[in-house]
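Here are a few short exercises to try with the structure open beside you. Have a go at each task before reading its solution.

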Amino acid sequence: MIRLFRSKIYLAITMMLLVLVVGSLGYHFIAKLSWLNSIYMTIITVTTVGFNEVAPLGTEGKIFTIILIISSVFIFAYAISVITEYMFSKNQLQLLKTKKVRKMINSLSNHVIVCGYGRNGMQAVERLKAYKKPFVVIENDKDIIQRYEGDVLFVEGDANEDEILLSAGVQEAQYLIVTLPDDAANLFVVLSARQLNNKLFIISRASQLTSQKKLKLAGADKVIMPDKIGGDHMASLVVIPDLITFMDKLSTEGEHTTNLEEVAIEDFANQMECNSLRDLDLRRKTGCTIIGYIEPNGNYIINPEADLPLEPNSKVIVLGRPEQIKKLNQMFHLN
């Protein structure tokens, strides 16, 4: 619809310019006026301001003026109606779009809120999309919102403000990812979000090492330093290049390309009797290998023994090729 209105506006502007050009040419060649006087006569004629003629007009000049006035009135009236309709429709469409976005956000629960849509925010969103995790992005740059709003659910505003966090559904959200470039801004967002939702799991970006402790004191559960991770990764490629390259091959980009999967024990317990890792027998059933176990208290066990007893609220980390992970998900109906 907007494209249709824009094409009408272009047509209206073209017609108005054509009237000015034809009027100037007509006065110049019919009334024998100079180019400046021809343009002047055309302007005062089509705008009907009522100024005096710059020179007496003959019969041909008067007939031309009558035609010019009638045609310009219709053309300018059409142009005004098109522009008015366009502005009204644009406002209406924007209002409908805002209501639609608000309705979609209100329907979300246990979703992720991403604060900032810079480099780190975009990377986080791409991973969330790959796993089909519902999310909302808070961004205050209108240009960025207009560029990506077709693919991303945005809330426009400053993430430091409680009203904006509430608009993004912070009270119903499960995770908050804060990726603003300024550590002080991240700190304020973490403080505000923690006050609004005490159960929220908050992951914050940090640029300075000294900011890590402050962000955790403010309420962040995890603090990530992208620059430090990047530097460590590059140095590791020098020290242990083959191992790091192998680790890079362990893709976790999406549900159809992943080599690693995290599964809650409850997902298995609902469909089979399992008291130990041996009872799961994932290697024979799916080809996947259990490489880690996460105890309910958060303790990690690498390469656990087969007879390790399974506890409620614990998880296992499995390794496999994409087709094996897919078989695992299909067999146990995992999300």
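Helices (H or I, at least four residues) and strands (E, at least two) are DSSP runs, numbered from the N terminus. This is a predicted model, where local features need pLDDT of at least 70, side-chain atom pairs count only at pLDDT 80 or more, and totals for chains, interfaces and linings use all residues. Residues are numbered from 1 along each chain as its sequence is written, and side-chain values use heavy atoms, with hydrogens and water left out.

**Exercise 1.** Find where Lys132 sits and check its backbone.

*Solution.* Start with the place: Lys132 lies in the loop that runs between helix 4 (119–130) and strand 2 (135–139). Next, look at phi: Lys132 isn't a glycine, yet its phi is positive, about 55°. Finally, Lys132 counts as exposed because its relative accessibility is 64% (buried means under 20% relative accessible area, exposed over 50%, partly exposed in between, with a 1.4 Å probe and protein chains only).

**Exercise 2.** Do the same for Asn303.

*Solution.* Asn303 belongs to the loop between strand 9 (300–302) and strand 10 (315–319). Its phi is positive too, about 50°, although Asn303 is not a glycine. With 57% relative accessibility, Asn303 is exposed.

**Exercise 3.** Work out whether Thr42 is buried or exposed, and what it touches.

*Solution.* First, locate Thr42 in helix 2 (residues 35–46). Thr42 has a relative accessible area of 0%, so it is buried. Now list the neighbours: leaving out residues up to four places away in sequence, Thr42 touches Val19, Leu20, Gly23, Ser24, Tyr27 and Leu68 (contact means heavy atoms within 4.5 Å).
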